[in-house]
Amino acid sequence: MSGEPIIIIGTGLAGYSTARELRKLDSEIPLHIVSGDTGYSYSKPMLSNAIARGQEPYDLPNATAEKMADSLNAKIWTEREVTGIGPAEHVVELGGEGIRYRKLVLAVGARQMRLEFEGDAADAVMSVNDLEQYAAFREAITGQRRIAIIGAGLIGSEFANDLIAGGYEVDVVEPFSHPLGRLVPAAVGEALRKALADLGVRWHLGLTCESIERGAKGYRLTLSDGSNLEVDAILSAVGLVPRTELASAAGLATGRGIKVNRNLETSAPGIFALGDCMEVEGLLLPFVMPIMHAARALARNLTEDITALRYPVMPVVVKTPAHPIVVSPPAPDAPGRWEVESGEEGVRAVYLDAADRPLGFTLTGTRVSEKNALAREVPPVLE
């Protein structure tokens, strides 16, 4: 198998980062990369604040697939669907064509969760999870004024800030009592709510969208309290679901994501996974820094320099310039309590265990300057 390539499925941050890290270690090993889209290299986090930066969708890519192929000394297949994997045969099926691999990397990411709505315009709800979807969203809102966002998690909140800064009217519908409800304590969410409300964002908290109907102009949303919103476009930002279907069909172990060990290897020898599709020791971490750490470890494992994945403290910066926020969440289900200080300068919330040791934190406003000091106090995400 020495002449067969390493194949990476996916040209997002995880796939391209793995390829770059691999090339730092080995410039000649055959490398093929398969993309379901055009294979542009771009930073997906930049999608949710491009309007405020004055950027059009196709200003965001920094390289085409052709340029990436040259820089990585790789063959890149674009707009090709992987229809199956044969772990025993070491084969990837591209339509009717079988490509043998030396080792295989699944960097297939996650898809936007889709909610079901009543009404004749349920199909009008848009989501943004890649450059092409973002370009379609920007086209849909050009010349429009009123945008509804369903979901006030990290992505929904970032889009709310970006759209209001771009001159749109924004309504946000969220079942939690405060934005970022799954990530932060209520005081942090309330600080963000107020800052964006001061800019004009209209919040509909503790509510869900029940139906969407077409109107004479735009759409009418009916919320769970019976109230209505009249809008021109609807963006859903209710969370991500790891893409596990390809792995599951090939017999690989899956849970919430594609299960891997600390070497990033799946239950099938020679097949690895990383990024938004990956689950390691029960953790799903759809953020930039975990991907970068995983890519470095995986590149070494692909070259037989066996390296266990480790995650340091990796605070997440929420791109809401109306009220800056940084989050370093405690481990899921870690017993403890939030200790919260609120003031004009922002919120400082630290998650403490029974012995008053910090396990995580959230900082807002000017208190984000305390990030580095607190990061030295909390334990690594994965030792």
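This passage describes helix packing and one buried cysteine in a predicted model.

Helix 1 covers residues 13-25. At 1.5 Å a residue, its 13 residues should span 18 Å, and the end C-alpha atoms lie 19 Å apart, which agrees. Several residues of helix 1 are buried. They are Ala 14, Gly 15, Tyr 16, Ser 17, Thr 18, Ala 19, Glu 21, Leu 22 and Arg 23. The cover over these residues includes strand 1 (6-9), strand 2 (31-34) and strand 3 (75-77). It also includes two helices, helix 2 (65-72) and helix 7 (288-302). In general, an α-helix has 3.6 residues a turn, so residues three or four places apart point the same way.

The packing of helix 1 on helix 2 comes next. The two axes come within 10 Å and cross at roughly 25°. An angle under 35 degrees counts as roughly parallel, so helix 1 is roughly parallel to helix 2. On the helix 1 side, the contact is made by Tyr 16, Ala 19, Arg 20 and Arg 23. Helix 2 contributes Ala 65, Met 68 and Leu 72. By class, the residues of this contact divide into 5 nonpolar, no polar and 2 charged.

Helix 1 also packs on helix 7. Here the axes come within 8 Å and cross at roughly 40°. That angle makes helix 1 oblique to helix 7. The crossing is right-handed. From helix 1, the contact draws on Leu 13, Ala 14, Ser 17, Thr 18, Glu 21, Leu 22 and Leu 25. From helix 7, it draws on Val 288, Ile 291, Met 292, Ala 295, Arg 296, Leu 298, Ala 299, Arg 300 and Leu 302. These residues divide into 11 nonpolar, 2 polar and 3 charged.

Helix 7 itself has 15 residues. Its first and last C-alpha atoms are 21 Å apart, close to the 21 Å expected at 1.5 Å a residue. The buried residues of helix 7 are Pro 290, Ile 291, Ala 294, Ala 295, Ala 297, Leu 298, Ala 299, Asn 301 and Leu 302. They pack against helix 1 and against three strands: strand 1, strand 7 (103-106) and strand 19 (271-273). Strand 1 also helps to cover the buried residues of helix 1. Just after helix 7, Glu 304 takes a positive phi of about 70°.

A further helix pair was examined. Helix 4 (residues 154-165) packs with helix 5 (residues 186-199) at an angle of about 20°. Their axes are 10 Å apart. The two helices are therefore roughly parallel to each other. Helix 4 passes helix 5 in a left-handed crossing. Ser 157, Ala 160, Asn 161 and Ile 164 of helix 4 make the contact with Leu 192, Leu 196 and Leu 199 of helix 5. The residues involved divide into 5 nonpolar, 2 polar and no charged.

The last site is Cys 209. This residue is found in strand 13 (residues 209-214). Its relative accessible area is 8%. Buried means under 20%, so Cys 209 is buried. Beyond its neighbours within four places in sequence, Cys 209 is in contact with Phe 117, Ile 150, Val 173, Leu 221, Thr 222 and Leu 223. Asn 228 is 19 residues from Cys 209 along the chain. The C-alpha atoms of Cys 209 and Asn 228 are separated by 9.4 Å.

Note on methods: Residues numbered from 1 in each chain as written. Predicted model: local features only at pLDDT ≥ 70, side-chain atom pairs only at ≥ 80, totals over all residues. Heavy atoms only, no water. Helix = DSSP H or I, 4+ residues; strand = E, 2+ residues; numbered from the N terminus. Expected span 1.5 Å × (residues − 1). Buried < 20%, exposed > 50% of the residue type's maximum accessible area, 1.4 Å probe, protein only. Contact = heavy atoms within 4.5 Å. Axes fitted to C-alpha atoms, helices over the stretch in contact; angles between N-to-C directions. Parallel < 35°, antiparallel > 145°, perpendicular 65-115°, else oblique. Nonpolar A, V, L, I, M, F, W, Y, C, P; charged D, E, K, R; others polar. Left-handed = near helix turned anticlockwise from the far one by under 90°.
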